[in-house]
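Work through the exercises below with the structure open beside you, and try each task before reading its solution.

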Amino acid sequence: MADIRIHHPHELGLERARKVARRWAADAEKKYDCTCTITEGPGGDTIDFKRTGVNGVMKVTADHFAVDCKLGILFGAFKGKIEEEVTRQLDTALAKEMAKMAAAKAAADAGTGT
């Protein structure tokens with residue numbers, strides 16, 4: 001089996017990271033026919049995901065996402081492409097959430113005159 005390990009730092013904090021992770025899980029279920037199980041914890045969440053030929057976990061914390069995935073023989077040939085796609089999805093989701101944070105901060109600053 002091939003392994004994919006991704007460590008993706010962020011500056012969102014836990015609550016916003018949870019939102020990003022839940023959207024990622026919903027997309028994985030819809031687009032890739034994965035089954036995702038989310039377990040919340042005080043210091044972060046765990047998303048277990050699986051489908052035929054793929055089994056993995058995403059850990060969500062206040063400052064990073066960690067994805068550990070095992071690929072079956074058929075998917076092992078596509079390890080590089082799968083790793084690129086997961087990284088791209090996280091990059092896109094994080095960029096959107098960071099833009100929302102920046103817009104909210106700008107609105108708050110404009111309201112206070114700073």
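**Exercise 1. Decide whether His 10 is buried or exposed, and find what surrounds it.**

Solution. His 10 has a relative accessible area of 9% and is therefore buried, where buried means under 20% relative accessible area, exposed over 50%, and partly exposed in between, with a 1.4 Å probe and protein chains only. The model is a predicted one, in which local features need pLDDT of at least 70 and side-chain atom pairs count only at pLDDT 80 or more, while totals for chains, interfaces and linings use all residues. Residues are numbered from 1 along each chain as its sequence is written, and side-chain values use heavy atoms, with hydrogens and water left out.

Next, place the residue: His 10 belongs to the loop between strand E1 (2-9) and helix H1, where helices (H or I, at least four residues) and strands (E, at least two) are DSSP runs numbered from the N terminus. Then look at its side chain, which has a polar atom 3.0 Å from the backbone nitrogen of Leu 12 and also reaches the backbone oxygen of Thr 61 at 3.0 Å. Finally, setting aside neighbours within four places in sequence, His 10 is in contact (heavy atoms within 4.5 Å) with several residues, among them Ala 17, Phe 65 and Leu 94.

**Exercise 2. Identify the salt-bridge partners of Glu 97.**

Solution. A salt bridge is a side-chain nitrogen of Lys or Arg within 4 Å of a carboxyl oxygen of Asp or Glu, and the whole structure holds twelve of them. One partner of Glu 97 is Arg 16, with the closest N and O atoms 2.6 Å apart. This pair links distant parts of the chain, since Glu 97 sits in helix H3 (residues 79-112) and Arg 16 in helix H1, 81 residues apart. Glu 97 is buried at a relative accessible area of 1%, whereas Arg 16 is partly exposed at 25% relative accessibility.

Another partner is Lys 100, whose closest atom pair with Glu 97 is 3.9 Å apart, N to O. Glu 97 and Lys 100 are three residues apart in helix H3, which means that about one helical turn separates them. Lys 100, at 45% relative accessibility, counts as partly exposed.

**Exercise 3. Explain how Arg 18 and Glu 15 are placed relative to each other in helix H1.**

Solution. Start with the spacing: the two residues are three apart in helix H1, so about one helical turn lies between Arg 18 and Glu 15. Their side chains meet in a salt bridge of 2.8 Å, N to O. Now compare the surroundings, where Arg 18 is buried at 10% relative accessibility, while Glu 15 is exposed at 51%.

**Exercise 4. Describe how strands E2 and E3 are arranged.**

Solution. Two strands pair if DSSP finds at least two bridges between them, and here seven bridges join E2 to E3 (residues 44-51), the two strands running antiparallel. E2 and E3 form a hairpin with two residues between them. Within this pairing, Ile 38 stands opposite Ile 47 in E3.

**Exercise 5. Find what is notable about the phi of Asp 33.**

Solution. Begin with the general rule that most residues other than glycine have a negative phi. Asp 33 is not a glycine, yet its phi is positive, at about 55°. Asp 33 lies in the loop between helix H1 (14-32) and strand E2 (35-41), and with a relative accessible area of 62% Asp 33 is exposed.

Conventions: A polar contact is a pair of N or O atoms within 3.5 Å; within protein, one must be able to donate a hydrogen and the other to accept it, and residues adjacent in sequence count only if both atoms are side-chain atoms.
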